[in-house]
Amino acid sequence: MKYFILFGPPGAGKGTQAAAMVEKYNLHHISTGELLRKEIAAESELGLKAKSLIDAGALVPDEVVEGMIESEFNTVKGVDGFLLDGFPRTTAQAEALDRILEKNGETATSVVSIMIPDEMIKDRIRHRASIEGRADDAKEETINNRIRTYHEKTEPLVEFYRNQGKYREIDGTGTIDQVRQAIFDLMDKF
Ligand code: AP5
Ligand code: MG
C-alpha cells in the first residue's frame, strides 16, 4: 500500500490536484478539512466543537484528526494507496502517523508538497470564497490566522520529512494544468 502526503499551505491547490491524483493512481483521498466540514454540516458533537476552531483559523486537536485518519485506513479497501490532504499538520500528527502505519508494517511513501508564496494564498482563497462559500474563507482575519498557523505549526514538517528523505517539492505557482503535470511526473517515479 502506498501512503502519499499532499502537503502545502492553505489555498496551494491540494484539493484541486488531489482529484486528478486519486483517479490516475487509484488512491483514496482523505482530506481532514473536508471530513471536519462534513461533521460541521451534520451538526455532530465533534462538528460543533471543531467549528469555532476552524472559523478562527486554528487547528483542531491532534487526537481528533488522528482518529479520523486511522478509521479511514481501517475501513477503505480496494485501492492502491491513500492520499492524505491536510494531514499531518503538526509534528505530533506526523509522529502519530508513523506509529499508525508501523502497526501494520507500513511507512509513508512520499510527501508531495505544493508551494506558493503567502500573497498568492490570499488571492487563491479570495477567489474560492466567491465560488464555494467556505466559512473559513470569508474573513481576512481567519485567512491570516490560517497562514500564521501554517508557518508556526505545519511548516516544521518540511524538515521532518526532509530528514526522512521523503520530501518532494512542486512549484505551485503555475496553472492548474502545469502543476498537475509536475505532480504526475513526480508520482510516475514511485
Ligand atoms: P483544509 O480544508 O485542509 O484547508 P487548508 O489547508 O487551509 O487548505 P485549503 O483547502 O484552503 O486549500 P487547498 O490547498 O486544498 O487549495 P484548493 O485546491 O482548494 O483545513 C481547514 C481547517 O480544518 C484548518 O484550518 C483546520 O482548522 C482544520 N484542519 C484540517 N486538517 C487538520 C489537521 N490535520 N489538524 C488540525 N486541524 C485540521 O485551491 C484553492 C483555490 O485556488 C481554488 O479556488 C482553486 O480552484 C484555485 N487553484 C488551485 N490551483 C490553482 C492554480 N494552479 N492556479 C490558479 N488557481 C488555482
Ligand atoms: Mg483543500
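So, what sits around ligand 1? In this predicted model, 31 residues surround ligand 1, and the closest are Thr16, Thr32, Ala58, Arg89 and Arg128. Keep those five names in your head, as some of them come back later.

What kinds of residues make up that shell? Sorted by class, there are 12 nonpolar, 11 polar and eight charged residues around ligand 1.

Now, which helices should you look at on the screen? Helix 1, which runs 14-25, helix 2 at 32-41, helix 6 at 118-132 and helix 9 at 176-187 each put at least two residues into the shell. The one that gives the most is helix 2, with four residues.

Okay, let's zoom in on some atoms. Start with Gly13: one of its backbone N or O atoms is 3.0 Å from an oxygen atom of ligand 1. Then move along to Gly15, where a polar backbone atom is 2.9 Å from an oxygen of the ligand. And over at Val60, a polar backbone atom lies 3.2 Å from a nitrogen atom of ligand 1. How much of the ligand does the protein bury? Taken alone, ligand 1 exposes 1100 Å², and the protein buries 90% of that.

And the space itself? Ligand 1 takes up the largest pocket.

Right, let's bring in the UniProt record. This is an unreviewed entry, and under "binding site" it lists Gly11, Ala12, Gly13, Lys14, Gly15, Thr16, Arg128 and Gly174. Where do these end up in our model? The lining of the largest pocket includes Gly11, Ala12, Gly13, Lys14, Gly15, Thr16, Arg128 and Gly174. One of them, Lys14, has its place in helix 1.

There's a second "binding site" set in that unreviewed UniProt entry: Thr32, Arg37, Ala58, Leu59, Val60, Gly86, Phe87, Pro88, Arg89, Gln93, Arg134 and Arg146. Are these clustered or spread out? They cover 115 residues of sequence and are spread in space too, with up to 24.5 Å between C-alpha atoms. Still, the lining of the largest pocket takes in Thr32, Arg37, Ala58, Leu59, Val60, Gly86, Phe87, Pro88, Arg89, Gln93, Arg134 and Arg146. If you're hunting for Gln93, look in helix 5, residues 91-103.

Remember the five names from the start? Thr16 and Arg128 are in the first UniProt list, while Thr32, Ala58 and Arg89 are in the second.

Notes:
Residues are numbered from 1 along each chain as its sequence is written. Chains are lettered from A and ligands numbered from 1 in the order in which they are written. This is a predicted model: local features need pLDDT of at least 70, side-chain atom pairs count only at pLDDT 80 or more; totals for chains, interfaces and linings use all residues. Side-chain values use heavy atoms; hydrogens and water are left out. A residue is near a molecule or strand if one of its heavy atoms lies within 4 Å of it. A polar contact is a pair of N or O atoms within 3.5 Å; within protein, one must be able to donate a hydrogen and the other to accept it, and residues adjacent in sequence count only if both atoms are side-chain atoms. Accessible areas come from the Shrake-Rupley method with a 1.4 Å probe; for residues, only the protein chains shown count as cover. On a 1 Å grid over the protein atoms alone, a cavity is a set of points where a 1.4 Å probe fits but cannot get out, and a pocket is an open set with protein on both sides within 12 Å along at least five of seven lines; lining residues have an atom within 4 Å of a point. A molecule sits in a cavity or pocket if more than half of its atoms lie within 2 Å of its grid points. Ala, Val, Leu, Ile, Met, Phe, Trp, Tyr, Cys and Pro count as nonpolar, Asp, Glu, Lys and Arg as charged, and the others, Gly among them, as polar. UniProt positions are given in the numbering used here, feature names are shortened, and annotations may be inferred rather than shown by experiment.
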